[in-house]
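Welcome, and thanks for taking a look at this protein with us. Have the model open beside you as you read, and turn it around whenever a new part comes up.

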Amino acid sequence: ERGKDEKAPKPHELFVDIGAASQEDVETRGLRVGTPAVYVDRVEELTPQRLIGRALDNRLGGYVIAQVLKAYAQESFRPARLVALNSVQEEIGGHGAQMAAYRLDPDVALVIDVTHATDSPGIKESQHGTVALGGGPTITHGTVNHPAVVKRLMEVAALDDLALQHESSSRYSGTDTDVIFKTKTGIPSALISVPMRYMHSTIETVDVADIDGATRLMAGFVHSLRPGDAFQAVTLL
């Protein structure tokens, strides 16, 4: 934990020492203005059940949707056209997801992302709710999440005896769901999240059971689809 007199450096206060002695030396190494610099990209086992590394948000999302596609390809009955999207620029406005959703215009959309695990120091339950690492994936209720899609996810989880955690959102979710649900005339959407400690750091930490749970939940949802399924909210009179 930082002391009260310490602060994180601003981007313009950082520098990278590559051992070069001149501009020519830099160029011989194939570097130029705009060359990205990143931490070691290796993911390691913190314990047999937990993974740690940089950019697990949202590389693990790509893994999950690939596994869902694999499971669906092995099904003998495939009533729906399943499209997997690993989109760009989610952190700065969901631009990739917005363009793809407009072009594809799906009947229903599931979004996979990560969420703050609140069982570690520095993350307040009063702000983010109660989410435990290893407690299963979360589904989010409210705002951009269509209640009928959320209801189906809960039914799938109950049928497969999957551990499930619940979150609520107010004005927005902070994920691609925010732009997908309002595309064209509206796309029934729901957010599934994998709990994560130390989000947006080089030591992001996740539990393998939560990743597996998210994969099974999404695959189970796809398996539950039938021709003519329409996700409409029930109006209570």
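## The lining of the largest pocket

Let's begin with the largest pocket of this predicted model. Four elements each supply at least two residues of its lining: helix 2 (56–73), helix 3 (95–104), strand 3 (109–116) and helix 7 (208–224). Helix 2 provides the largest share, with 7 residues.

The volume of the largest pocket is about 1,100 Å³. There are 45 lining residues, and Val83, Ala84, Val108, Ala109 and Leu110 are the closest to the pocket centre. By residue type, the lining of the largest pocket divides into 27 nonpolar, 8 polar and 10 charged residues.

## The second largest pocket

Next comes the second largest pocket, which holds about 550 Å³ of space. Its lining counts 25 residues; nearest the centre you will find Thr115, His128, Glu167, Ser173 and Gly174. Here the split is 4 nonpolar, 15 polar and 6 charged residues.

Which elements each supply at least two residues of the lining of the second largest pocket? They are strand 3, helix 4 (125–128), strand 5 (165–168) and strand 6 (189–196). Strand 3 gives the most, with 4 residues. You have already met strand 3 above, as it also supplies at least two residues of the lining of the largest pocket.

## The chain as a whole

Stepping back, the protein chain contains 7 helices and 7 strands. Reading from the N terminus, the order of these elements is α-β-β-α-α-β-α-β-α-β-α-β-β-α. Along the principal axes, the C-alpha atoms fill a box of roughly 70 × 40 × 35 Å.

The chain has 237 residues, and 35% of them count as buried. About 15,100 Å² of the protein chain is exposed, with carbon and sulfur atoms supplying 53% of that area. Among contacts with a separation of 6 or more, 72% are between residues 24 or more positions apart.

## Serine 189, in strand 6

Now for two single residues. Is serine 189 buried or exposed? Its relative accessible area is 0%, and because buried means under 20%, serine 189 counts as buried. You can find serine 189 in strand 6, one of the elements that supply at least two residues to the lining of the second largest pocket.

A polar atom of the serine 189 side chain lies 2.7 Å from the backbone oxygen of isoleucine 187. Beyond its neighbours within four places in sequence, serine 189 is in contact with Ala109, Val144, Asn145, His146, Val149, Thr177, Ile180 and Phe181. Among these partners, Ala109 is also one of the residues closest to the centre of the largest pocket.

## Tyrosine 172, in a loop

Where does tyrosine 172 sit? Look in the loop between strand 5 and helix 6 (177–180). With a relative accessibility of 51%, tyrosine 172 counts as exposed, because the cut-off for that label is over 50%.

Once neighbours within four places in sequence are left aside, the contacts of tyrosine 172 are with Thr143 and Asp178. If you would like a distance to try in your viewer, go from tyrosine 172 to valine 43: the two are 129 residues apart in sequence, and their C-alpha atoms are 30 Å apart in space.

Key
Residues are numbered from 1 along each chain as its sequence is written. This is a predicted model: local features need pLDDT of at least 70, side-chain atom pairs count only at pLDDT 80 or more; totals for chains, interfaces and linings use all residues. Side-chain values use heavy atoms; hydrogens and water are left out. On a 1 Å grid over the protein atoms alone, a cavity is a set of points where a 1.4 Å probe fits but cannot get out, and a pocket is an open set with protein on both sides within 12 Å along at least five of seven lines; lining residues have an atom within 4 Å of a point. Grid points are joined across faces, edges and corners, and a volume is the space filled by probe spheres set on the points. Ala, Val, Leu, Ile, Met, Phe, Trp, Tyr, Cys and Pro count as nonpolar, Asp, Glu, Lys and Arg as charged, and the others, Gly among them, as polar. Buried means under 20% relative accessible area, exposed over 50%, partly exposed in between (1.4 Å probe, protein chains only). Contact means heavy atoms within 4.5 Å. Accessible areas come from the Shrake-Rupley method with a 1.4 Å probe; for residues, only the protein chains shown count as cover. A polar contact is a pair of N or O atoms within 3.5 Å; within protein, one must be able to donate a hydrogen and the other to accept it, and residues adjacent in sequence count only if both atoms are side-chain atoms.
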